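Colleague: Could you take a close look at one helix and tell me how its residues are placed?

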Amino acid sequence: MDEEMNELKTDAVNLSYKCPNCAMPLRFDNEMKRFVCEYCDGSFLLHEIKDAADGAEGYNWDANKEEIKDEKLEGTVSYVCKFCGAEIVTDAITTATKCPYCSNVLLVTESLTGMLRPNKIIPFEINRDKLRELFNDFAKSKAFVPKSFINNPVLTDIMGVYEPFWLYDSGVSGSISYNATKVRSWSDSTYDYTETKYYNVTVDGRLRYVNVPADGSKRLDDNTMDSIEPFDYSKMIDFEPGYLSGYLAERFDVSADDNLERSKLRMWNSTEAKFRGNVSGYNSVSKTSSNLRQYDRDVHYALFPVYVFSIDYLGKKYDYAVNGQTGKIVGELPFSKKLYRIWKWKRIGIVAAIIYAIGFLLG
Amino acid sequence: MKKLLRVFWMLLFMLVLLTSMAAAEENEDTTPVEEKTKASLSEDGNYYIFGRMIDLTESMTAEERMEVNHYIIQFIESTECDITLYMIKSVESFGYASVDEFADNYYYSETYPYGYGEGGDCVFFVYEQEKNELSMVYFGDIPRISTWAVMKAKWYFNYYLRSNDAYDGAIGVIDRIWRDLEEYHPYTEPVSNKMSATWFVPFHDEKIDRLLDFSRLIPDEDTDSVKARLAELRRKYGVDVIVLTAPDSDGLDAEAFNDDFYDYGGFGVGEERTGIILFVRMGPTSADRFYTISTCGYAIDYFEKDDIEHIYDEMLPDFRNGRYDRGIMLCLDLIEKQLKHVIEPEEFAGVLKEDIKKRPNADRVVDLADVLSDSQIDKLETRIEKIRDKFHTDVLVLTADDLDGYAPEDYLRYYYKYRGYGEGDTRSGVAILITKDRADRGTIQAYGKAAKLFDEKALNRLSSIVYGSLTSKRDYGSAMDTFVRKVGFFAQWKHFPMQTSTFVVFLVIVWLIVTTMAKVKKASNKTISRALSAGQYVEPGSYVVNSVNEVFLNSKVTKQRRPEPSSSGGSSRGGGGGTHHSSSGTSHGGGGGRHF
């Protein structure tokens, strides 16, 4: 029995089983000894999954890549960071000496195979000076940031890097079912009455998502890249190598499939929210099942402008990422416990003094 | 011959004169009442007595007045005594200084022919609305009307007046007097012809007997000594002790009657009307005969239910054996014993009962040693009033030059306690006693809740401050001023409206709220999080709802019994622990009793 389970577990890890209902990734639940879909609460045995998988619609995103040329982009030079393995590309004119991710020396590698040619690019709009200004505002706008940090943030090694993003288009269609109730109450002289009517509501519909972004960089944290969204797509243009001038670009490496899950989750959540909006007029609504699928899928590869830098403060390194188009800054700021405490106790003191004074005056 | 004739005519004339005089004397006055009292024919053809029921306060309708007047006619015919009832705003509004003057004027005036028969007998009632007083003046030679009757008359009048039924009140008055005149009681003396019709009368005069022995249970030779004893009890303990014996309780339950009699009789010492009354109702059978005790004011506390029951039990043998006077004397002994037990030394209590003052408005500065000037006293009183208002703490400043041998602490405590000082249930307050010329004889005490505030440390501080001021300045006024000011100061600073524990709870709640706010503020610093929606990437116009399908499954109805409405609010009867209310609303203790 245990052997079987182990085997199953290994299988699951390798094959990334998808939920037969909603195609979201399954997780093996040790307690239930079943595969569980956390999205639609379905649970399955392995054979059920395999049966479903056989007939499942697979989608080979990579087929899209045929549109994306696998060649060495002319006029570009590739570098590799020995330290962290980052693969950087820039145009022939710009010399990249330091790895934008770990600040170590970059080595030029002519032997690298070409990178995929991006479909789109959003050029940088924020320059370095503006960035400094924006960062100051950012630091000032947050709470409990030590004064010394605000006054003198040392922004070193600011790198403007074009980061690879996958942009997914997909239609989502299907139906979601809910249990809903309508409650009515009334009274007579002896009793209070409550009538509860139970319903099953199913919403069937579809919608289309366009250019849902997902970070294609190995280097940068996916959540960070999520957080610097949104990018203004109206400024998105077709790619030309010339845009790389003066900036670095990370060599695209992550396969589209790998971050399909992230974008799918987003699409599923939004779809559910939309459908839920059509279930109204009830006292309570709860989802019972969800049966959604994707159709008409497409993927593009784009380079988006991102600043990456870090600040050393009191022995700790704080990393920041900035949306090179909109100037949105994300990252952890130093937290001053002292300022926090002062803020807290100042307010407690004031309120306590007011209470005391009121009590005093009222005598 | 001519001379003889002249004598004859003179004799004849004298005879006629004498006989007519005699005849006139013997002649019964048979003129109808109406004629005698100058009845006049009213427009509606009815006779009515001229002005016996005069209502200038508009408490009765014209019909009612007519009815009363008719009733009065019957009264006069039956009792051969005139009666009149004036309801006016006040005698002053007519320009008279007193009820006697007013009554005299109307009685003797030609226009108002009051008085029945030769003697012009008349019972003249005047009700002054502004003072809420019913007064009675006698004219003529009528048999004295008993206190009993007058009290009942007053009582009835007041009772009905309260329910806005002046008509029944007037009838009640007339009735009472009528009945009394019919059952002529020669041995009672009306003690006063002026009694107030209000039900809350602080009487302090000795005029009303405290021994009202209508059933004559006490032998004549003993009545004086009993009366003296009751007066002494009152003086010594500040408790009014009344003994009432009567042949009936006027149709009422004995206890209720007892309460009402006490209230309407205006007995009681001080504003609380402290007193105790023993009522013995006589009658032909054991079922009729009953005795009961009622207490009022502080006496409610002096005599607990058990104490009263004990007295009843002790009295029973004597009453059963017909030794009523012994029973009553025994009752008085037991009452005195209890009072001695609960009230502190008699000498002390006796000293003060002469000048009882109202409790909440009693002077808080009592300058028995006469060391403070009036202006100083006024200033102190003003300050004290503020302290009482703001901090619910009473302050008493007492100076004395002779403590009757008592230790200052005791003297002050007795004074404070038995003169009714203290705020709230715990009788919270601070008091100072200074004896003249002996600056080291004095004391500052705190009572009730104030004792928590003014603990030993605080009192010691206060003492040293005050005595310091006394010894250095020798001015009692400024020392007392310092005292009161310091008390106020202490009260303000130490008297936090909330207990420390409440404040701590508040603080904890504030801490929780502020900490949550701080956490929220800190959390807003977080800038990085995973994206969970793709809402902004929806292609406009691509959202199509094919169907929203509602399927009815089933329905369920639950019911819950509604809570019972609470029973109608209890009447204000029966206060806590054994007290009950008389018809006037005053609280009484005691009750119960024994048949004998």
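Modeller: In α16(B), the buried residues, meaning those under 20% relative accessible area with a 1.4 Å probe and protein chains only, are A458(B), L459(B), L462(B), S463(B), V466(B), Y467(B), S469(B) and L470(B). They lie on the same side of α16(B) because they cover an arc of only 155° around the axis, the arc being that of the directions from the helix axis to the C-beta atoms. The face turned away from this buried side carries K457(B), T471(B) and S472(B), which are exposed, a term used for over 50% relative accessible area, with partly exposed in between.

This is a predicted model, in which local features need pLDDT of at least 70 and side-chain atom pairs count only at pLDDT 80 or more, while totals for chains, interfaces and linings use all residues. Residues are numbered from 1 along each chain as its sequence is written, chains are lettered from A and ligands numbered from 1 in the order in which they are written, and side-chain values use heavy atoms, with hydrogens and water left out.

As for its extent, α16 of chain B runs over residues 456–473, 18 residues in total, where a helix is a DSSP run of H or I with at least four residues, numbered from the N terminus. From its first C-alpha to its last, α16(B) reaches 25 Å, close to the 26 Å expected at 1.5 Å a residue, the expected span being 1.5 Å times one less than the number of residues. Just after α16(B), R474(B) takes a positive phi of about 60°.

Conventions:
Helices (H or I, at least four residues) and strands (E, at least two) are DSSP runs, numbered from the N terminus.
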